[in-house]
Amino acid sequence: MPLTLTPIYAALCALVFLGLSWHVIAYRRVNRISLGDTGDKALLKRMRAQANAAEYMPIALILLALTEANGAPALAVHALGLALLTGRILHPLGFAATPQKFILRQVGMVLTLAMIAASALGLLGHALF
């Protein structure tokens, strides 16, 4: 059975990641920083926002693909995908802001972690029962 919904969220997450990457690259170019963060806190925040996405998106997208491949209803796949996408947009908006908008950061992480937990538990339940 081909995956038809997960590619939508994978593509949108990839675009979010590209935006975060560009945010780092543009700052590096303007400030002529080619390696590391040189103690620049603004660059470090941008780098961590990008890295956080790189840390959470892969496992979440794998779980989403497995959920869809195991026959979850389209509504469930969309709900999980939207939770992931929304979380991955809100988190860097809150994290990279000066001053930080902790509520956006927190809601972003809650959505991301809830999506991962729901997918993992659903897959376990499907596999065991």
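Where does T38 lie? In this predicted model, T38 is placed in the loop between α1 and α2. The phi angle of T38 is near 45°, a positive value in a residue other than glycine. T38 has a relative accessible area of 60% and is therefore exposed, the threshold for that class being over 50%.

R32 is also found in the loop between α1 and α2. Its backbone has a positive phi of about 55°, although R32 is not a glycine. With a relative accessibility of 78%, R32 counts as exposed. The loop between α1 and α2 thus holds R32 and T38, with positive phi values of about 55° for R32 and near 45° for T38.

A further backbone feature occurs in the loop between α3 and α4, where P99 is placed. The peptide bond that leads from T98 to P99 is cis, and its omega is near -5°.

The helices on either side of these loops contribute to a shared interior. The largest nonpolar core comprises 21 residues, among which C13, L64, L84 and M115 touch the most other members. Two or more residues of this core come from each of α1 (6-31), α2 (41-69), α3 (74-96) and α4 (102-128). Helix α2 gives the most, with seven residues. When residues up to four places away in sequence are not counted, C13 touches M57, L61, L84 and L85. L84 thus appears both among the core residues that touch the most other members and among the contacts of C13.

L84 is also a partner of T112, a residue of helix α4. Apart from neighbours within four places in sequence, T112 is in contact with Y56, L84, G87 and R88. The relative accessible area of T112 is 0%, so this residue is buried, a class that requires a value under 20%.

Helix α1 also carries residues with some accessibility. L12, found in this helix, has a relative accessibility of 34% and counts as partly exposed. Together with I8, L15 and L18, L12 makes a nonpolar surface patch of about 370 Å². A14 is likewise located in helix α1. Its relative accessible area is 37%, and A14 is therefore partly exposed, as the value falls between the limits of 20% and 50%. The C-alpha atom of A14 is separated by 21 Å from that of L44, a residue 30 positions away along the chain.

Two segments of the chain carry an annotation from a database record. In an unreviewed UniProt entry, the annotation "transmembrane region" covers residues 6-28 and 102-124. In the model, residues 6-28 are 100% helix and 0% strand, and the C-alpha atoms at the ends of this span are 33 Å apart. For residues 102-124, the composition is 100% helix and 0% strand, with 32 Å between the end C-alpha atoms. Helix α1 runs over residues 6-31 and helix α4 over residues 102-128, while the annotation in the record covers residues 6-28 and 102-124.

Technical notes: Residues numbered from 1 in each chain as written. Predicted model: local features only at pLDDT ≥ 70, side-chain atom pairs only at ≥ 80, totals over all residues. Heavy atoms only, no water. Core = buried A, V, L, I, M, F, W, Y, C linked by side-chain atoms within 4.5 Å. Buried < 20%, exposed > 50% of the residue type's maximum accessible area, 1.4 Å probe, protein only. Helix = DSSP H or I, 4+ residues; strand = E, 2+ residues; numbered from the N terminus. Contact = heavy atoms within 4.5 Å. UniProt positions renumbered as here; feature names shortened; annotations may be inferred. Patch = residues over 30% accessible without salt bridge, like charges linked within 9 Å, V, L, I, M, F, W, Y side chains within 5 Å. Areas by Shrake-Rupley, 256 points an atom, 1.4 Å probe, with all protein chains shown as cover. Salt bridge = Lys/Arg side-chain N within 4 Å of Asp/Glu carboxyl O.
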